[in-house]
Structures are given as C-alpha cells and as structure tokens.
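Open the model in your viewer and switch on a cartoon view, with side chains ready to show when asked. We will go from one helix packing to the next, selecting a few residues at each stop.

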Amino acid sequence: MVWGTSHQKGQTMRRSTGLLLVTVLGLGATACGSGEPATPATGGAEAVTITVACQPARTAPKERQAWDDDVAAFMKANPGVTVKSTDQQPCFDPKTFGPKLAGGQMETVFVVPVTNYDDVISQGQALDVTPHTNLIKNWNDLRPDARELVTRDGKVYGVPNVLYSVGLVYNRALFTQAGLDPNTPPKTWAEVREAAKKIAALGPDHVGFGEYSGGNTGGWHFTQAIYGRGGDVLTPDNTKAAFNSPEGRAVLQTLHDMRWADNSMGNKLLIGWESLMVAMGGGKVGMMLGAPDVVTDVVTKFRGKVSDYGITGFPEAKASLSGGEAYMINPKATPEQVKAGMAWIDFRFNTVGKGRFDFARGKAIGNPVGVPDNAVYGDSPTGQAIQADRVKNATLPVENYQSYVEAAASIPPKSEPVHAQEIYAILDVPMSAVLSRKDADIGQLLADAETKVNNLLAAKG
C-alpha cells in the first residue's frame with residue numbers, strides 16, 4: 001500500500017511494493033542481511049561498488065534467484081561494477097531512515113514511498129539526479145504526474161517505480177452465490193450497499209463490505225473514500241484540515257449505515273492491513289477498497305482462489321487516491337556510484353521484458369501474472385508494450401480486471417496528503433467509532449479530528 005507498496009498502503013503500506021502499498025523498510029547495508037554479489041565481470045572500466053535495496057527475502061527463493069540472476073546479468077553488461085544487495089523486507093522504515101543515512105549505512109540505491117517524498121527531499125536525503133535522467137532510457141514515457149511527484153523546483157530526486165490508483169476489489173464467486181452478476185460490478189455506493197446486503201445474507205461470517213478501523217489503515221481508507229466523493233483531506237495550501245465537510249460526513253454516514261442499518265459489514269473491527277486481507281483471502285468478504293496488488297496479495301499470501309477475485313473502478317469516482325514509490329540515490333554516492341546506480345534502476349525496473357517486467361520469467365517460476373498493478377508508464381508506448389507482454393504471459397484471468405483498467409484511465413489520480421501517516425492515525429478514530437458504536441456522533445468526530453489535524457499542521461509549520 002502504504003502504501004502505499006499496494007506497498008504499502010495506510011501505514012506505509014506495501015505495497016508491492018507495491019505496493020504496498022504498501023510498506024516498506026529502509027535497509028542499512030551493514031544491518032540487514034547483505035547479499036553477496038556474483039563475481040563481477042572484469043574489464044578496463046574503473047571498479048565501483050554499489051549497494052541496492054529490496055532484494056527478495058530468502059523465504060521467497062524463486063523471486064530471490066530471479067533478482068540474483070539480474071544482478072549477475074547487469075554486472076556482466078557493466079564491467080567493473082559490483083552490486084551488493086540488501087534483503088530486509090519491507091524496504092523502508094521512516095523511523096530508522098535518517099539515522100541509517102547519517103550513519104553511512106543506507107544503500108546507494110534505496111526506495112521511498114510517495115508518502116515520504118516530501119520529507120526525504122526537503123531534508124536533503126536524496127540526490128538531485130536531474131543530470132542523469134538520460135540514463136533511464138524510457139524516462140520520457142514515464143507518466144508526467146509520476147515524474148512531477150519526484151520533482152522540486154525543477155530538480156528531479158528519484159525515478160518513479162510504482163504508481164497505482166484505488167478501485168473496488170470484489171469476490172466474483174460470492175457475487176454469483178448472492179445472485180449478482182460478477183461481470184457488472186457496482187458503480188455507485190447505492191449499488192455497493194445493495195450488493196453488500198445480499199452477500200451478508202448468504203450466511204454466518206459473510207461480510208458484504210470490509211473496511212479498516214485502525215493501524216493508520218482506517219484513515220488511509222477514509223482518504224480514499226473522500227477523494228472518490230470529490231472531497232479533500234487538507235486545504236490546497238496544506239495548512240488546514242478540509243475533511244469536516246459534506247463529503248467527509250457522507251463517507252462516515254455510509255459506513256455507519258452499512259454497519260448498523262444494513263448489517264452488511266460484520267461485527268469484527270479490522271485494524272491493520274493484514275486483518276482485512278486475511279478475511280478477503282478466506283472467501284467470506286464480498287468487497288473492499290484497494291489497488292490491484294490486493295488481488296495479487298490475496299492469492300499469493302492469503303490463499304485466495306485466483307478465479308474468485310476481480311477489481312473494478314472506484315464507485316462514483318471524481319478522483320482516486322494514487323500511491324506508489326520511487327528509487328532514489330544516496331546523496332553521499334560518488335559520481336561513479338551515481339551512474340552505476342541509475343544504470344541499475346534502468347536495467348532492473350525500467351526495461352520492457354527484463355527485470356521486474358520479465359513476465360515470461362514470472363510465469364515460468366509460478367508467479368501470478370496479469371494484474372494491472374503498476375501504471376507508472378501509463379498509456380505511453382512503453383506502457384503499452386509492458387501491458388501487451390503482461391497479457392501475453394498472463395496466468396491470471398485478465399478479463400476480471402478490465403473494468404478497472406477502463407475506469408482508471410479516466411479517473412484523475414490524487415496523491416496522499418502531507419504528513420499522511422500522522423493524519424491517518426488521527427482519522428482512524430472516527431472510522432473506528434462509526435464501525436463500533438451505533439450512537440457515534442459523526443459531526444463531533446470530524447470536528448475533533450479537525451482540531452487535532454490543525455494542531456499537527458501548525459506544529460509542523
């Protein structure tokens with residue numbers, strides 16, 4: 001999700017990360033299981049060593065081997081360059097990021113979720129790579145809005161790696177069992193409510209619509225929902241809260257009514273990211289908000305049946321929360337390390353048919369292929385080539401995601417608010433309240449949260 005990271009979604013989610021979205025942990029090269037590099041190729045080039053983040057963990061041996069194969073191929077193609085990988089997962093922890101960088105332990109190439117771009121860039125913790133963007137051969141095909149997110153005052157501080165928008169993930173099997181057409185999923189909140197009631201009526205433990213209430217994920221999903229209704233979390237100048245609004249009240253009122261009038265949300269409060277994912281993978285939850293990587297995670301991590309899940313556009317969306325991540329370069333890197341690091345980012349993360357876009361290899365090693373979980377190249381020639389290769393090698397039912405693809409193309413993306421994690425923690429409170437108390441006072445909950453966020457923003461300056 002946060003968040004992300006599908007990253008790493010709410011609490012700096014994972015995602016993927018991607019999503020994660022959603023959620024990622026910063027790796028110190030000396031502190032987190034550094035991978036031994038393959039034997040570097042020899043040649044006349046000046047020797048340079050770089051450290052790179054996000055090697056898959058040993059618990060994912062096939063993915064780790066694919067990464068190591070890419071490292072070996074990269075070093076063979078770049079004589080004199082040695083690549084050392086760090087494998088702590090997830091890849092970014094805002095609490096340890098600064099100290100690791102200051103202590104000289106941060107990798108040459110590291111990942112940052114979109115929620116932390118401002119902090120990392122403003123504090124001088126990422127290198128200005130403007131002179132080196134030409135080393136990313138498809139740079140101009142990256143979505144302009146994704147590039148803008150890593151740009152400050154005309155200077156570029158990273159290479160966008162993941163970009164996603166939120167949709168409605170749903171269980172097609174439960175739709176069929178409830179007499180609903182899985183090929184025509186809900187497009188309005190009224191239709192969501194009706195579908196949720198029918199799914200909840202299937203029997204004990206069935207939940208029509210699942211939602212988070214804590215662990216920063218509640219506030220994260222509140223943000224998704226208010227964006228979809230055309231509202232804002234903050235004023236345009238980021239100095240005041242803006243969610244105590246008709247759109248914000250509509251978000252909470254809808255959830256309150258689904259929980260207490262419709263009885264379609266179950267009676268268990270779901271706190272962290274994993275709680276709802278476990279429930280979704282168990283096959284008893286009909287719908288939830290999420291990015292496409294939710295489908296991948298439900299199938300690969302939470303044992304969901306692949307053919308059961310689909311994703312469609314966000315109901316009545318006027319905008320959709322967009323999350324993602326970027327790779328950045330350590331500001332202490334030497335000029336030679338910068339060039340090698342950018343070349344690695346290009347090779348592993350930005351080459352059609354190679355590295356993370358080697359869908360044929362993914363299929364061969366048993367990875368799920370087919371979910372449109374990364375729109376960082378949009379509808380550019382590179383994006384079209386990536387999608388065509390994804391479909392060609394798909395192991396998942398791509399037709400189950402087509403309505404999301406069509407909707408996402410026309411829904412404006414909207415980035416997360418500044419100080420997102422702290423704001424999400426505050427917004428957890430009203431989300432939890434409407435799902436746990438029938439007599440929750442929505443107006444008072446929003447007013448209290450508004451005061452807290454305004455105080456937070458004032459303290460941040």
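The helix axes on this tour are lines fitted to C-alpha atoms over the stretch in contact, and the angles between them run from 0 to 180 degrees between N-to-C directions. Keep in mind throughout that this is a predicted model.

**Stop 1: H1 and H11**

Select residues 61-77, which form helix H1, together with residues 335-349, which form helix H11. Their axes are 11 Å apart, and the two helices pack at an angle of about 130 degrees. Angles from 115 to 145 degrees fall outside the roughly perpendicular and roughly antiparallel classes, so H1 and H11 are oblique to each other. Their crossing is right-handed. To see the contact, show the side chains of Ala66, Trp67, Asp70, Val71, Ala73 and Phe74 on H1. Facing them from H11 are Ala340, Ala343, Trp344, Phe347, Arg348 and Phe349.

While you are here, pick Asp346, which also lies in H11. Is Asp346 buried or exposed? Its relative accessibility is 10%, so it counts as buried, the cut-off being under 20%. Apart from neighbours within four places in sequence, Asp346 is in contact with Leu135, Ile136, Lys137 and Thr351.

**Stop 2: H6**

Next, select residues 189-200, helix H6. You can check its length with a distance label: twelve residues at 1.5 Å each should span 16 Å, and the end C-alpha atoms are indeed 16 Å apart, so the two agree. Now colour the buried residues of H6, which are Trp189, Val192, Ala195, Ala196, Ile199 and Ala200. They cover an arc of only 130 degrees around the axis, which puts them on the same side of H6. The spacing has a simple background: an α-helix has 3.6 residues a turn, so residues three or four places apart point the same way.

What do the buried residues of H6 pack against? Add strand S7 (167-171), helix H5 (172-177), strand S8 (207-209), helix H8 (246-260) and strand S9 (285-290) to the view to find their partners.

**Stop 3: H13**

Move on to residues 381-392, helix H13. Its buried residues are Thr382, Gly383, Ile386, Asp389 and Arg390. These cover an arc of only 130 degrees around the axis, which places them on the same side of H13. Turn to the other side and you will find Pro381 and Lys392 exposed. Helix H12 (359-364) is included in what covers the buried residues of H13.

**Stop 4: H15 and its two partners**

Select H15 (residues 420-436) with H7 (residues 217-228). Their axes come within 6 Å and cross at roughly 85 degrees, which makes H7 roughly perpendicular to H15. The H7 part of this contact is Thr217, Gly218, Gly219, Trp220, His221, Phe222 and Thr223. H15 contributes Tyr424, Leu427, Asp428 and Met431.

Now swap H7 for H16 (residues 442-460). H15 and H16 pack at an angle of about 170 degrees, with axes 10 Å apart, so H15 is roughly antiparallel to H16. From H15, show Glu422, Ile423, Ile426, Leu427, Pro430, Ala433 and Val434. These meet Ile442, Leu445, Ala449, Lys452, Val453, Leu456 and Lys460 in H16.

For a last pick, try Asn454, in H16. Beyond its neighbours within four places in sequence, Asn454 is in contact with Thr239, Lys240 and Ala241. A distance label from Asn454 to Pro430, 24 residues apart along the chain, gives 16 Å between C-alpha atoms.

Definitions and conventions:
Residues numbered from 1 in each chain as written. Predicted model: local features only at pLDDT ≥ 70, side-chain atom pairs only at ≥ 80, totals over all residues. Heavy atoms only, no water. Helix = DSSP H or I, 4+ residues; strand = E, 2+ residues; numbered from the N terminus. Expected span 1.5 Å × (residues − 1). Buried < 20%, exposed > 50% of the residue type's maximum accessible area, 1.4 Å probe, protein only. Arc of directions from axis to C-beta. Contact = heavy atoms within 4.5 Å. Parallel < 35°, antiparallel > 145°, perpendicular 65-115°, else oblique. Left-handed = near helix turned anticlockwise from the far one by under 90°.
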